[in-house]
Amino acid sequence: MKQKVLKALANPPRIFYVPYSLAILNFIVLFILFIVALICFLLITGNIPTLLPLFFIGVLCLTHSILGIYSKKDSQIAQLIFSSFFLFKNKVPRKLVV
């Protein structure tokens with residue numbers, strides 16, 4: 001019996017070749033790290049860093065391109081990551097996660 005694959009499931013929405021949920025998660029994590037690094041730098045040195053924003057923009061582009069490469073190989077990588085987070089949160093045995 002033939003079944004149709006839904007296009008929305010087979011091709012998740014993307015932002016510059018990365019699934020939408022992973023791109024947003026990447027941006028949120030790096031933004032929080034940027035704020036923490038900025039506050040730590042201000043507390044330690046007392047002045048505003050000049051290259052810190054440029055560094056984090058470079059890291060953001062690098063991680064986004066790495067996510068793009070991996071998601072090109074496996075288009076459902078976002079669903080796999082979020083489902084494994086859910087299984088770890090509910091303490092499902094390791095045999096079922098892998």
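Which residues make the nonpolar surface patch of about 1,100 Å²? In this predicted model, the patch is built from Tyr20, Ile24, Phe27, Ile28, Phe31, Ile32, Ile35, Val36, Ile39, Leu43 and Ile44. One of these residues, Ile24, is found in helix H2, which covers residues 20-45. Ile24 has a relative accessibility of 34% and therefore counts as partly exposed, since the partly exposed class runs between the 20% limit for buried residues and the 50% limit for exposed ones.

The patch can be set against the chain as a whole. The protein chain contains five helices and two strands, and these elements follow one another in the pattern α-β-β-α-α-α-α along the sequence. About 8,100 Å² of the chain is exposed, with carbon and sulfur atoms supplying 75% of that area. Of the 98 residues in the chain, 19% are buried. Contacts also reach across the sequence: among those between residues at least 6 apart, 61% join residues at least 24 apart.

Helix H3 is a good place to look at burial in detail. This helix spans residues 52-73, 22 residues in total, and extends 32 Å from its first C-alpha to its last, close to the 32 Å expected at 1.5 Å a residue. Its buried residues are Leu52, Phe56, His64, Leu67, Gly68 and Ser71. Viewed down the axis of H3, these buried residues fall within an arc of 145 degrees, so they line one face of the helix. The general geometry is helpful here: an α-helix has 3.6 residues a turn, so residues three or four places apart point the same way. On the other side of H3, the exposed residues are Leu54, Phe55, Ile69, Lys72 and Lys73.

Within H3, what does His64 touch, leaving aside residues up to four places away in sequence? Its partners are Ile15, Phe16, Val18, Ala23 and Asn26. His64 has a relative accessible area of 19% and is classed as buried, because the cut-off for that class is under 20%.

Phe16, one of the residues that His64 touches, offers a friendly contrast in accessibility. Phe16 sits in the loop between strand E1 (14-15) and strand E2 (18-19). Its relative accessibility is 69%, so Phe16 counts as exposed. Phe16 can also be related to Ser65: the two are separated by 49 residues in sequence, while their C-alpha atoms are 8.8 Å apart in space.

Methods:
Residues numbered from 1 in each chain as written. Predicted model: local features only at pLDDT ≥ 70, side-chain atom pairs only at ≥ 80, totals over all residues. Heavy atoms only, no water. Helix = DSSP H or I, 4+ residues; strand = E, 2+ residues; numbered from the N terminus. Expected span 1.5 Å × (residues − 1). Buried < 20%, exposed > 50% of the residue type's maximum accessible area, 1.4 Å probe, protein only. Arc of directions from axis to C-beta. Contact = heavy atoms within 4.5 Å. Patch = residues over 30% accessible without salt bridge, like charges linked within 9 Å, V, L, I, M, F, W, Y side chains within 5 Å. Areas by Shrake-Rupley, 256 points an atom, 1.4 Å probe, with all protein chains shown as cover. Salt bridge = Lys/Arg side-chain N within 4 Å of Asp/Glu carboxyl O.
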